[in-house]
Amino acid sequence: KALTSEQKVQQYTTRWNGAHHCIDSALEKIEDSLKGDAIDSLEVLKVKEDQLVQVKESLKESASLVELIIVEDPEQMNELMESEDAKSLQAASTILACEECLARFQANINAGKTSSTGGPHPHLPSPSRQLHRRQDRH
């Protein structure tokens with residue numbers, strides 16, 4: 001039996017809300033892990049980068065679900081687009097902050113490999129302090 005438009009909208013909306021719950025939860029976990037000790041392993045860095053890629057894929061899925069909802073119920077377009085835009089912008093901002101932090105960790109790892117002392121490069125800011133500063137601005 002085919003689903004009615006209303007049933008499809010309900011299914012898509014449930015999946016859309018679930019996608020954003022997963023996005024928010026994943027970003028919170030990634031942010032929390034970046035606030036701790038500096039990442040000094042390329043393997044751990046790669047895991048964090050992969051997690052951010054998964055979040056970006058979830059954002060694409062969310063946008064696709066919004067399109068499906070609008071096809072079934074065009075009256076929801078304005079409200080849904082505003083909500084999706086706000087959620088996506090917030091997630092994108094967090095992703096950018098995390099990517100910048102990971103880039104600093106990568107620079108510190110690279111500097112440590114070329115440094116005679118093996119320590120982090122003295123001119124690079126602490127990644128965890130930078131992440132805290134960025135969050136204070138929001």
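Here a trainee and a mentor talk through a predicted model of a single protein chain.

Trainee: Let's start with the overall fold. In what order do the elements of the chain run from the N terminus on?

Mentor: Begin with the inventory: the chain has 4 helices and 0 strands. Read from the N terminus on, the elements therefore follow the order α-α-α-α.

Trainee: How are the contacts in the chain spread along the sequence, and what percentage of those between residues at least 6 apart join residues at least 24 apart?

Mentor: Contacts between residues at least 6 apart in sequence are the ones to look at here. One pair to look up is Thr13 and Val66, which lie 53 residues apart along the chain and have C-alpha atoms 8.0 Å from each other. For the chain, the share of those contacts joining residues at least 24 apart is 75%.

Trainee: Which percentage of the residues is buried?

Mentor: The chain has 138 residues to consider. Its accessible surface is about 8900 Å², with 52% of that belonging to carbon and sulfur atoms. Buried residues account for 31%.

Trainee: Now helix H1. What distance does this helix reach from its first C-alpha to its last?

Mentor: H1 covers residues 5–35, which is 31 residues. At 1.5 Å a residue, the expected value is 45 Å. The model comes close to that, with a reach of 45 Å.

Trainee: Is Thr13 in that helix buried or partly exposed?

Mentor: Thr13 is found in helix H1. The buried residues of H1 include its neighbour Tyr12, along with Val9 and Trp16. Since buried means under 20% relative accessible area, Thr13 at 24% counts as partly exposed.

Trainee: What relative accessible area does His20 have?

Mentor: His20 is also found in helix H1, and it appears among the buried residues of that helix. Beyond its neighbours within four places in sequence, His20 is in contact with Leu59, Ser62, Glu84, Lys87 and Ser88. The relative accessible area of His20 is 2%.

Trainee: On to the largest nonpolar core. Which element gives the largest share of it?

Mentor: This core has 16 residues, and those with the most contacts inside it are Leu27, Leu34, Leu52, Leu102 and Phe105. Two or more residues come from each of H1, helix H2 (42–72) and helix H3 (77–114). The largest share, 7 residues, comes from H3.

Trainee: Why might nonpolar side chains be found together like this?

Mentor: In soluble globular proteins, nonpolar side chains tend to be buried together.

Trainee: Which residues does Leu52 touch, leaving out those up to four places away in sequence?

Mentor: Leu52 is one of the residues with the most contacts inside the largest core. Its list, with residues up to four places away left out, is Leu27, Ile30, Ile95, Cys98, Glu99 and Leu102.

Trainee: How many residues are in the other core that lies apart from it?

Mentor: Members of that other core include Val9, Tyr12, Trp16 and Ile70. Of these, Val9, Tyr12 and Trp16 are also listed as buried residues of H1. The size of the core is 8 residues.

Trainee: What about the cysteines: how many disulfides are there?

Mentor: Two sulfur atoms have to lie within 2.5 Å to count as a disulfide. For Cys101, which is buried with a relative accessible area of 0%, the nearest cysteine sulfur is that of Cys98, 7.1 Å away. Across the whole structure, the number of disulfides is 0.

Trainee: Let's finish with charges. How far apart in sequence are the parts that Lys8 and Glu72 tie together?

Mentor: The structure holds 5 salt bridges, and one of them joins Lys8 and Glu72 at 3.8 Å, N to O. Both ends are partly exposed, Lys8 at 28% and Glu72 at 23%. Lys8 lies in helix H1 and Glu72 in helix H2, so the linked parts are 64 residues apart.

Trainee: And what separates Asp50 from Lys46 in helix H2?

Mentor: These side chains form a salt bridge, with the closest N and O atoms 2.8 Å apart. Asp50 is partly exposed at 34%, and Lys46 is partly exposed at 45%. Because they are 4 residues apart in helix H2, what separates them is about one helical turn.

Methods:
Residues numbered from 1 in each chain as written. Predicted model: local features only at pLDDT ≥ 70, side-chain atom pairs only at ≥ 80, totals over all residues. Heavy atoms only, no water. Expected span 1.5 Å × (residues − 1). Buried < 20%, exposed > 50% of the residue type's maximum accessible area, 1.4 Å probe, protein only. Core = buried A, V, L, I, M, F, W, Y, C linked by side-chain atoms within 4.5 Å. Contact = heavy atoms within 4.5 Å. Areas by Shrake-Rupley, 256 points an atom, 1.4 Å probe, with all protein chains shown as cover. Salt bridge = Lys/Arg side-chain N within 4 Å of Asp/Glu carboxyl O.
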